[in-house]
Amino acid sequence: MHYALRDQPVDVPAATPAQLLDWARQHPRWLVITGAGCSTEVGIPDYRDQAGQWKRPQPVTYQAFMGDALVRQRYWARSLVGWRVMGHARPGAAHHALAALEDAGHVQLLLTQNVDGLHSAAGSRKVLDLHGRIDTVRCLDCGHRFARTDWQRALEALNPDWVQLQARTAPDGDADLDGLPFAEFRIPPCPHCGTGVLKPDVVFFGESVPRERVQRGLDTLAQVDGVLVAGSSLMVYSGFRFVQAAAAAGLPVLAINQGRTRADALLAAKLQADVGQSLQALAQGLGAEGG
């Protein structure tokens with residue numbers, strides 16, 4: 001699938017908050033697809049600008065991470081610094097509103113492209129972490145999974161000279177740390193098997209989303225009245241595919257997103273407004289407690 005929708009702007013019917021509320025009343029059960037826009041208000045940067053273009057160099061790919069020990073050293077050194085923001089982030093308005101909307105029976109599945117775990121932290125239970133969770137580390141040899149907080153302590157214990165470094169926060173627990181002797185950075189062994197490559201339990205760029213996660217999202221389309229996209233440009237195919245499938249099934253798709261999306265040609269309407277405030281107003285309008 002190419003990116004023609006990025007290069008050829010499409011006029012999308014503009015929605016107002018009142019029209020969003022009307023849409024939600026007419027289509028009371030949703031598959032919700034969320035992206036980085038839900039978490040920017042709590043200090044986690046996003047990847048793209050309002051035109052859908054990269055704001056920064058693309059993240060490390062799965063192929064580079066697996067194929068080069070120095071790439072892994074650079075990744076974990078940056079992550080050691082970046083985890084200070086990601087590890088302490090707390091849910092914001094969008095997360096709390098969606099949890100309230102789930103409690104009110106509107107959200108049949110919350111499919112998030114984010115890896116920060118903030119939807120679950122806010123109380124949402126019907127969460128599909130499409131790209132995994134950054135708060136877990138996995139050994140690719142023995143399969144052992146353990147908490148990222150434990151891994152942080154191990155990283156800091158082996159690399160005390162790196163602990164005080166400061167760098168600008170980047171998306172997904174990364175930090176803009178460059179020009180340093182990454183070959184000197186020490187990666188702890190797996191606490192279970194003592195060997196193997198340690199990787200955050202997330203889907204990297206260039207890596208495939210597990211088939212069962214994709215199927216769960218597609219199966220949910222048969223159980224809903226519409227699809228609500230919140231805070232995502234959908235430029236990554238792994239999320240965009242669900243809007244494609246919804247459109248093919250005749251389901252209406254409405255987006256809350258400031259800027260272009262890859263799915264603009266498939267949207268019934270788009271509300272270009274703050275996603276947290278918009279979801280809070282929606283929850284209040286529908287009488288969802290906690291909204």
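Helices here are DSSP runs of H or I with at least four residues, numbered from the N terminus. Ala97 lies in one of these, helix H5. The structure is a predicted model. Its chain has 10 helices and 11 strands. The radius of gyration is 20 Å, close to the 19 Å that the globule rule gives for 291 residues, so the chain is as compact as a globular protein of that length.

**Overall shape and surface**

- The C-alpha trace spans about 60 × 40 × 35 Å along its principal axes.
- Of the 291 residues in the chain, 48% are buried.
- Among contacts with a separation of 6 or more, 74% are between residues 24 or more positions apart.
- The exposed area of the chain is about 12,900 Å², and carbon and sulfur atoms supply 48% of that area.
- The chain carries 28 positive and 29 negative side chains, and the centres of these two sets are 3 Å apart.

**Salt bridges**

- The chain has 12 salt bridges.
- One of them pairs Asp103 with Arg125, with 3.1 Å between the closest N and O atoms. This pair links distant parts of the chain, 22 residues apart: Asp103 belongs to helix H5 (residues 93-103), while Arg125 sits in the loop between helix H6 (118-121) and strand S3 (127-129). Both Asp103 and Arg125 are exposed.
- Asp135 and Arg133 form another salt bridge, at 2.7 Å from N to O. Asp135 has a relative accessibility of 28% and therefore counts as partly exposed, since that class lies between the 20% and 50% limits. Arg133 is also partly exposed, with a relative accessible area of 24%.
- Glu207 is bridged to Lys199, and their closest N and O atoms are 3.2 Å apart. Glu207 is partly exposed at a relative accessible area of 22%, whereas Lys199 is buried at 0% relative accessibility.
- Arg74, Arg78 and Asp178 are joined into one network by salt bridges that share partners.

**Ala97 in helix H5**

- Ala97 has a relative accessibility of 1%; because buried means under 20%, Ala97 counts as buried.
- Leaving out residues up to four places away in sequence, Ala97 touches Leu279, Gln280 and Ala283.
- Ala97 and Leu282 are 185 residues apart along the chain, and their C-alpha atoms are separated by 8.2 Å.
- Helix H5 (residues 93-103) also holds Asp103, the salt-bridge partner of Arg125.

**Ala175 in strand S7**

- Ala175 is located in strand S7.
- The relative accessible area of Ala175 is 1%, so Ala175 is buried.
- Apart from neighbours within four places in sequence, Ala175 is in contact with Arg78, Val81, Gly82, Ala167, Arg168 and Ala170.
- Between Ala175 and Arg78 the C-alpha to C-alpha distance is 5.1 Å, although the two are 97 residues apart in sequence.
- Arg78 is also a member of the salt-bridge network with Arg74 and Asp178.

**Two loop residues**

- Pro189 is placed in the loop between strand S7 (174-175) and strand S8 (198-202).
- With a relative accessible area of 53%, Pro189 is exposed, because the exposed class begins over 50%.
- Beyond residues up to four places away in sequence, Pro189 touches Trp151, Gly194 and Leu198.
- Pro189 and Ala24 are 165 residues apart in sequence, and their C-alpha atoms are 50 Å apart in space.
- Leu234 lies in the loop between strand S9 (226-230) and helix H9 (237-248).
- Leu234 is not a glycine, yet its phi is positive, at about 60°.
- Leu234 counts as buried because its relative accessibility is 1%, whereas the loop residue Pro189 is exposed.

Conventions: Residues numbered from 1 in each chain as written. Predicted model: local features only at pLDDT ≥ 70, side-chain atom pairs only at ≥ 80, totals over all residues. Heavy atoms only, no water. Rg over C-alpha atoms; globule rule 2.2 N^0.38 Å. Buried < 20%, exposed > 50% of the residue type's maximum accessible area, 1.4 Å probe, protein only. Contact = heavy atoms within 4.5 Å. Areas by Shrake-Rupley, 256 points an atom, 1.4 Å probe, with all protein chains shown as cover. Lys, Arg positive; Asp, Glu negative; His and termini not counted. Charge placed at Lys NZ, Arg CZ, Asp CG, Glu CD. Salt bridge = Lys/Arg side-chain N within 4 Å of Asp/Glu carboxyl O.
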